[in-house]
4 protein chains.
Amino acid sequence: MSFELTENFYGKSSVRVTKVTRLPGRHELHEYEVDIRLSGGFEACYAAGDNTMVLPTDTMKNTVYALAAQHEIASPEAFAVVLCDHFLKHELVPNCQTIWAYVKAGRWQRLDTPAGNHPHAFVSGGAEKRTCCGTQTRGAAMTLEAGLNDLVVLKTTDSAFRDFIRDQYTTLPDSDDRIFATTINADWRYADSAGDFNATYERVRAALIDTFAGHKSLSVQQTLQAMGEAVLTACPSITEISIRLPNQHRIPVNLQPLGLQNKNEIFVTTSEPYGNIGGTISRKR
Amino acid sequence: MSFELTENFYGKSSVRVTKVTRLPGRHELHEYEVDIRLSGGFEACYAAGDNTMVLPTDTMKNTVYALAAQHEIASPEAFAVVLCDHFLKHELVPNCQTIWAYVKAGRWQRLDTPAGNHPHAFVSGGAEKRTCCGTQTRGAAMTLEAGLNDLVVLKTTDSAFRDFIRDQYTTLPDSDDRIFATTINADWRYADSAGDFNATYERVRAALIDTFAGHKSLSVQQTLQAMGEAVLTACPSITEISIRLPNQHRIPVNLQPLGLQNKNEIFVTTSEPYGNIGGTISRKR
Amino acid sequence: MSFELTENFYGKSSVRVTKVTRLPGRHELHEYEVDIRLSGGFEACYAAGDNTMVLPTDTMKNTVYALAAQHEIASPEAFAVVLCDHFLKHELVPNCQTIWAYVKAGRWQRLDTPAGNHPHAFVSGGAEKRTCCGTQTRGAAMTLEAGLNDLVVLKTTDSAFRDFIRDQYTTLPDSDDRIFATTINADWRYADSAGDFNATYERVRAALIDTFAGHKSLSVQQTLQAMGEAVLTACPSITEISIRLPNQHRIPVNLQPLGLQNKNEIFVTTSEPYGNIGGTISRKR
Amino acid sequence: MSFELTENFYGKSSVRVTKVTRLPGRHELHEYEVDIRLSGGFEACYAAGDNTMVLPTDTMKNTVYALAAQHEIASPEAFAVVLCDHFLKHELVPNCQTIWAYVKAGRWQRLDTPAGNHPHAFVSGGAEKRTCCGTQTRGAAMTLEAGLNDLVVLKTTDSAFRDFIRDQYTTLPDSDDRIFATTINADWRYADSAGDFNATYERVRAALIDTFAGHKSLSVQQTLQAMGEAVLTACPSITEISIRLPNQHRIPVNLQPLGLQNKNEIFVTTSEPYGNIGGTISRKR
């Protein structure tokens, strides 16, 4: 029998770095969690433990700190570009063919004060994560994707689901007015690796949330497409967007066995199982 | 050998219930996760499997839904009081001596719109949890405690730690200007089981955050006491408050081995180990 | 208004340390996660940021490593005793009145090989955690408690629950043969701070599991008491044991609406809500 | 502007089902967590909320229970095949072009007793997950992949890493004898959708663990390739295997500042950042 290594990658994951920029009257805070992966001509390491073409993952970690110190990294996208550049142009690592840099950020919010935003105090903005993934293969252009993940939203009305297929295992009743709760997960592709990414992110975020809130939903699928179209309409620099909307079910409790009537008022939240709806919306060529 | 049951409790945990109140022009949303525990004369069940004095935990779950339907439950405190009342006065469960009702709530925030708060769309407010624990023993007054937990805050300056004990294992340098990040966990006791608990919660929250942000900190301990005193000052209905402030360390990266200088700018976030500071502040009698 | 600090503690949490002892032909592996808390005369730090009586939590972390290097730490109990001793006798920290050392360990299992146990390769034993908590106040004897937590067990028969209280909200049917699944959480107290703690732990573990498996259960409560009595019977050095058995519900699926019959064969696992049963079994005096 | 839906899927996730088969003298236990996804001609639902071609995800959940009742599901693979068959042949859902069924199982272990394996009591086997993913597009053959995930292993010796690239950011020293701990994640592809999958799984598992334990490792990459080759050698029905080995770092503690020497004995476990090594080993054609 004979075998071959048909794919490979190695790197450092979950490198967390905080950068504070002390401007007069105001501190900027940027916190990122970085994953780096290299792929390419590393077969000798896998086959024989020859490490002479391997930059240690510990060095990748140090490099994240060093590059954060030397560059402005005001957005995940800016940092991903810096990281891709560094590793792909690294003279000592010629065997790297593809670099993959993934940058994730939480949402720190400046503390509101009567005098406006606080100059140096922040409150965590919750589970929402902003992400960026830069990928570059030697000799090709960089691919830059970004995402908004884990943003939980809920509306108490303007959502229906009816007139679906009924088979022998269907017990779900039609609903004309149900709670719609979901965790927004969206990933989009930029046409270009330059731009005002922070402004774009806020436009994407507003388009997603506002469309979710305002849409008269006949299905999660329909709302998903409306959300995607709203993003593409608001952001010309985005070429396509993939959205995943896992249900955060609020199921009406059957109160009849308890001698009570549920006037669409009492619901139980269940974590599992959950419906999971996905779609990719692209510009028509 | 002979043994005895010296303590007992049983109940239902993580009962999640959502209540939507459809007011004209505006929906109210209340979501709680409830734990119920009963304790008392249940020895025969433990000793011999005699269930005749046992109300099933499944019934406790149903009861949470039923009481949510029949009562206004505009705060965790209000719901905890309803739950304690129900179980302690339950004619069929005379063996229950002590009831313990714990109610936890996330922080749903109405979506901001140009026209003001959205009438029925909400965004999850993150990891912060509001809690309430009502405890009542037959023949005694109810004890009502509440809490704010898992609120992550960070400030980039106005925090020092110096002039501490140095022993043979101490390597930490003095610091005059460090990042102070922590997860606020506060639990307080009410003098009374009535009051406008929602207004009190917002006052507690503001006192904790504003004091954290504004305090010139010489130690986490000192900031903790200032935060507790601010709460007691702002809220006469609170008799004492326990605060726990686990560090969310941001450790300056030593860039010297990388040929760079760290101007108090680049930090690594570590999840573990972490410093953990606690204290209880009470009114002087 | 005037306030006072009525309780205080500070320390380091989640200090993880691994010790490898390289014996001829066999390596010993001990991995612990340690929490240290000091309490006592630290009011000046809370009131005024005076750190002169404060040993930094960073030093506590270093101390965990230093003590692990200098002592045999073959059990969580042994390490807890070393830690309590060190901090309470520390000449530079006279303000510490009470030391609390909590040591947690996972369950590494030596790899089985045809030739017996592997000399240096281990497989993680799952979620089960062994814990020990030593507490000592200046001038008093040490209290030593230990625990077994997060051990998930399931039996498919020999469990019933019937003849319980039925009120207007009860919908649960009697069951003569249900699945019994739970997460064993047990914490016990030793009469003495010396002993062969590793052997005792294995006896406790076997008593808990074997009793769970063999008991003809009329209620979770009854099985809990039987498990506690089995431990006290097997381990004379244990004076009392508290057990908590949260249900890991397997609920029979109602297949009738699907045109099928469920012959006590198909169940759905739910994470929440869950029944939660606790009790403390003590030796009769 | 004009947009189009270029990808779509919807389904139900985390459907948990337990099946108990009550054989004389011995109960079989099978527990699975199932994800179902359908993809195909669902554009009208996304574009216009037309649900007439949509089978509800709630029905998918019910279907998991119904199929578990009607079929022998002695392996994740067997269940995945049943699920793919059902949905792709469903006469009422002709718009489904591709079905994706993912089945995950924990590792229940029969309780050891002096008399052998217990007939109906089980202990949870920890974090290890066995997975299977069946994918089928109308008119094509089913693709069947399986996996072993989250199995944590550690060896205290026979691991080195040296003679790697050193750049200006490299601080890692060479090591000739380090701890090697990792979480095994392996996913493989079967040549065929029939076979004794339970026996194959045990052979894969043994090949992975035994190779990890016995390999004289010069790098994680080298051990990874050896593990993959061992699986392909042991299991002719597997055509290729992808392995990912995230480091579970045990980093030697520098005890010199504490006045002590670390004789390769004391290590700190860190969760992040972590090295992450991946590779795919295929049979040479």
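This is a short talk on how chain B and chain D meet in a predicted model.

Okay, let's start with the symmetry. Any two copies of a chain are related by a rotation about an axis and a shift along it. Here, if you turn chain B by 180 degrees and shift it 0.0 Å along the axis, chain B lands on chain D with an RMSD of 0.0 Å. So what we've got is two copies related as by a two-fold rotation axis. If you want to find that axis on the screen, go to Ser271(B): in chain B, its C-alpha is the nearest one to the axis, at 4.1 Å. And both copies use the same surface, with 100% of the contact residues of chain B recurring in chain D.

Now the interface itself. How many residues are in contact? Nine from chain B, and ten from chain D. As for area, about 660 Å² is buried between chain B and chain D, and carbon and sulfur atoms give 54% of that. Which three residues do the most on the chain B side? That would be Tyr169(B), Leu258(B) and Glu272(B), which supply 54% of the area chain B buries against chain D. Mind that there are two 54% figures here: one is about atom types, the other about those three residues.

What about the chemistry? On the side of chain B that touches chain D, I get four nonpolar residues, four polar and one charged. Between the two chains, the salt bridge count is zero. There are polar contacts, though: two residue pairs across the interface, both at pLDDT 80 or more.

That's it from me, happy to talk it over.

How values were computed:
Residues numbered from 1 in each chain as written. Chains lettered and ligands numbered in written order. Predicted model: local features only at pLDDT ≥ 70, side-chain atom pairs only at ≥ 80, totals over all residues. Heavy atoms only, no water. Least-squares fit on C-alpha atoms with pLDDT ≥ 70 in both. Contact = heavy atoms within 4.5 Å. Buried area = accessible area lost by both parts, 1.4 Å probe. Salt bridge = Lys/Arg side-chain N within 4 Å of Asp/Glu carboxyl O. Polar contact = N/O pair within 3.5 Å; in protein donor to acceptor, adjacent residues only side chain to side chain. Nonpolar A, V, L, I, M, F, W, Y, C, P; charged D, E, K, R; others polar.
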